[in-house]
Each structure stands twice: as structure tokens, then as C-alpha cells.
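Colleague: I've got this one open in the viewer and would like a close look at one part of it: the charged residues at the surface. Could you start there and then tie that part in with the rest?

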Amino acid sequence: LLSYNGHEPVNVVYFMAMVILLPLVTMLLALFSMFRANSAKSVLVHLSPSYWMEKILQFLPFGLQKKLEHFQMNPLLANWIVIRRSQLIALFFSLGLFVALISVVATKDIAFAWSTTLQISAESFYHFLSILSTPWSGWVPSAVPSQELIAQSQYFRLGDRLSEEMITHASKLGEWWKFLAMSTLFYAVFLRLLMYVLASSGLKKALEKSFLTLDGASRLLREMNDPIISTSAPMEETEFVSFSNSAVPTIQRLESAYTLVQGWAIPKEQLIVINDAMGIASDALYEVGGGNTLAEDDTVIHNSKGTVLLYVKAWEPPTMDFMDYLEALVAKVDKLIIYPIGTQEEGYKARPKFVDIWERKIAALEEEKIWLKRAQKSKKKEA
């Protein structure tokens, strides 16, 4: 476009067609593609690189084709990806044209002219260029070709020689580069940048919509928006029984050894310390509840048998998950002793008011296998 051999001037019409006409036409096609991107049967589908890429992939080895079968892309998303990448490629191409123009103008002395077979006068061409220069005519007036420059740079191919008038005004013919540079910046770069931003916005919205096309997405969204929530239990729960005056069997003294000792939300290391403080020996120590999973607690219950000593923190009232564990454990063992303990600073002695809370809760189960360890009440308190 900027080739100059020193004999004939560079025709600006060619360069204008590349930086003005071609970008405008391709941007109109891109806009049309954006409006038709949501349609799977678009007229331009056969012009899409993604369409021909699918055809090319059919020639790959069978193993690669089988792997690619698991890769699926939403057609809506694929259309917007192609549109966005095409605008990015065109933007870099336009920047390359601008850099090439500035580089050639800065390193060579080029004479520009305009020539066309169409019957266009210098006055008509001037009005046409004035319309094209409207976006920058107010702040870069030097980049608008004057009527005199247009008249002096019209080139006719009548022989091998240039007209004497063009040779006389050869120094002014280089002024065309300002108009060409601004035309490239506005029509090829700036407008293309706007198209790239628009395509990026469309791709973002298409990406949000594509999530709804994933398998199970609509069902998940429907369930999230459904205000009705239903729950079920794997086993029939025991009917709630209010507290009765029936007392829980209690013991004041523990045995010196137990086959199995458990602690509700009490780590195994702490259970060892508690056993030493109480003078109790045990071959097996287990932490249950707390951070344990249901499967881990089920394993402990499955391995439980005989008489089991269960430590609980007296200052923490019994919760429903503890009561569920208690019901499952008592069904596997012969006897269960619940021992509410205090803090280490209190010498693991629980306050009576805390033990009373545990006793009332356990009494609601009315289970003969469950025993409660508590200190013997004084006669004054009993009275």
C-alpha cells in the first residue's frame, strides 16, 4: 500500500480502502453476527472458523477423536468466542497498519496522490473527505486535506511522466500522511476497539447463560427456588417423652477397670489424663461426637459391648445428637454408665446443678441400661 519507487506517487485511495472501507464493512458484518449469535442456524455459520475446525478434527486419528467427543461447548458460547477473537485479530492488524504508516513516512520521502477511473471531481472528493474527517476536524484541523491539496495531488495516467504542476508542488504532496494516520486511528483502531469491548461484553453474557445449559443446572435452580423443603429420617425416631418423676439409676463408686471407655467430644489424650485422675484402667479409649463423622461413631457403636463408661462435659447440656447416639449405643451394650465431669481446674468434679440437668434429660429415655455416676447427696440437701 505504501510502496514508492520514485516515479509514480502512492495512491491514497488504496490505503483509504484498507483503513476505512474494509474496517467499516467487517464491523457491520460483526454487528450482524452479534445479532445472529443466539441462533444456531445462522447464515454466517459456514464462515465461522469453529465450523471448519470441526471438519478438520474429523481427519485426526481415532484415539484423539474419541477424547474430543467428551469435550462439548455450547454453540452460543462458541459463536461469541469466534466473534471476540476475530475483533482482537482485526484490532492488532489495524495497529500494525498504523505503525507501518508512521514508520514508512518517518524513513522515506513519499509523494501521495489520488487517482480513480470514476468521474469524480476534486471538489466532490474534497466534500467526501471532509465528511470522513468530521470526527477529528475540530481538534486536529491539519489532518483534514484542503481543497487546494486535493486539486494539486490528482494524478492522471497519461503517459509515463508526471504533470508539471505535480512536480512543482511535490513538497506539499506528503501532507496526506496526517489524514491517513487519523483515518487509521479512528476508523481502523478506535472503532475496532469499541467492537472488541462490545464483543467481550457479549461473551460475558453468553458465558452466564451457558451455565444454565449444563446438565442438571435447571433442576438445581428449580430446587433452589422451591420454598418447600422436605426432610426424612433413615429410621423411625422415638416419640418425645416429657420428664417424669422416675429416677435414673445412679452409682457413687466406679470400678477400677473398664473394658471400654468413651468420651463425648473429649480427645483420647484427655481421656487418658481423666482415667489417671479417677484411678480407672481401660484397654480401649474412644472419642465420640464432636468432630467425628457419623460413620466413625457407628464404628465405635458396632465395637461396643458389655459395660461402657461414657464421660460427658457436665457444663454442656445434652444435645439431640448426643441423645441419638445414646439410643444407638444402649441397644448394643449391657450397661452404660454416664459420668458428667467438671473442668480440670475443678478436679473433674461436676457441679450438682449440671448433673441434675443430665439426670432429667436421661430420665426421659426411661432406659434401664443407663446409669448415672454422681456424688452422693448430703442428708441436709436431700431434706
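Modeller: Helices and strands here are DSSP runs numbered from the N terminus, where a helix (H or I) has at least four residues and a strand (E) at least two. Keep in mind that this is a predicted model.

With those labels, let's start at Glu-367, which sits in the loop that runs from helix H14 (352–363) to strand E8 (370–373). Glu-367 belongs to a surface patch of negative charge, together with Asp-321, Asp-324, Glu-327 and Glu-368. How accessible is Glu-367? Its relative accessible area is 32%, so it counts as partly exposed. A patch residue needs over 30% relative accessible area and must have no salt bridge, so Glu-367 passes the accessibility test with its 32%.

The salt-bridge condition is a good reason to check the pairs next. Side chains of opposite charge can pair when their charged atoms come close. How many salt bridges does the structure hold? There are two. One joins the side chains of Arg-351 and Glu-346, at 3.3 Å from N to O. Both partners are partly exposed: Arg-351 has a relative accessible area of 41%, and Glu-346 has 31%. Glu-346 would clear the 30% cut-off for a patch, but a residue with a salt bridge is left out, so it can't join one. The other bridge links Glu-175 with Lys-178, at 3.4 Å from N to O. Here too the partners are partly exposed, with Glu-175 at 37% and Lys-178 at 26%.

Tyr-348 is worth a stop as well. It lies in the loop between strand E7 (335–341) and H14, and with a relative accessible area of 6% it is buried. Its backbone stands out: phi is positive, about 60°, although the residue isn't a glycine. Most residues other than glycine have a negative phi.

Ala-265 is another non-glycine residue with a positive phi of about 60°. Its place is the loop between strand E4 (257–264) and helix H11 (268–278). What does Ala-265 come up against in space? Gly-290 is 25 residues away in sequence, yet the two C-alpha atoms are 4.3 Å apart. Gly-290 itself is in the loop that connects strand E5 (281–288) and helix H12 (294–302), and at 57% relative accessibility it is exposed.

To round off the charged picture, here's the nonpolar side. Leu-21, Val-25 and Leu-29 make a nonpolar surface patch of about 270 Å². Leu-21 is in helix H1 (residues 12–35) and is exposed, at 53% relative accessibility. In soluble globular proteins, nonpolar side chains tend to be buried together. The largest nonpolar core has 41 residues, and the ones with the most contacts inside it are Met-16, Phe-112, Leu-129, Trp-176 and Leu-180. At least two residues each come from H1, helix H4 (75–107), helix H5 (122–132), helix H7 (147–152) and helix H9 (176–210). The top contributor is H9, with twelve residues. So H1 supplies residues to that core, while its Leu-21 is exposed.

Note on methods:
Residues are numbered from 1 along each chain as its sequence is written. This is a predicted model: local features need pLDDT of at least 70, side-chain atom pairs count only at pLDDT 80 or more; totals for chains, interfaces and linings use all residues. Side-chain values use heavy atoms; hydrogens and water are left out. Patches are made of residues with over 30% relative accessible area and no salt bridge: like charges are joined within 9 Å, nonpolar side chains (Val, Leu, Ile, Met, Phe, Trp, Tyr) within 5 Å. Accessible areas come from the Shrake-Rupley method with a 1.4 Å probe; for residues, only the protein chains shown count as cover. A salt bridge is a side-chain nitrogen of Lys or Arg within 4 Å of a carboxyl oxygen of Asp or Glu. Lys and Arg count as positive and Asp and Glu as negative; His and the chain ends are not counted. The place of a charge is taken as NZ of Lys, CZ of Arg, CG of Asp or CD of Glu. Buried means under 20% relative accessible area, exposed over 50%, partly exposed in between (1.4 Å probe, protein chains only). A nonpolar core is a set of buried Ala, Val, Leu, Ile, Met, Phe, Trp, Tyr and Cys residues joined through side-chain atoms within 4.5 Å.
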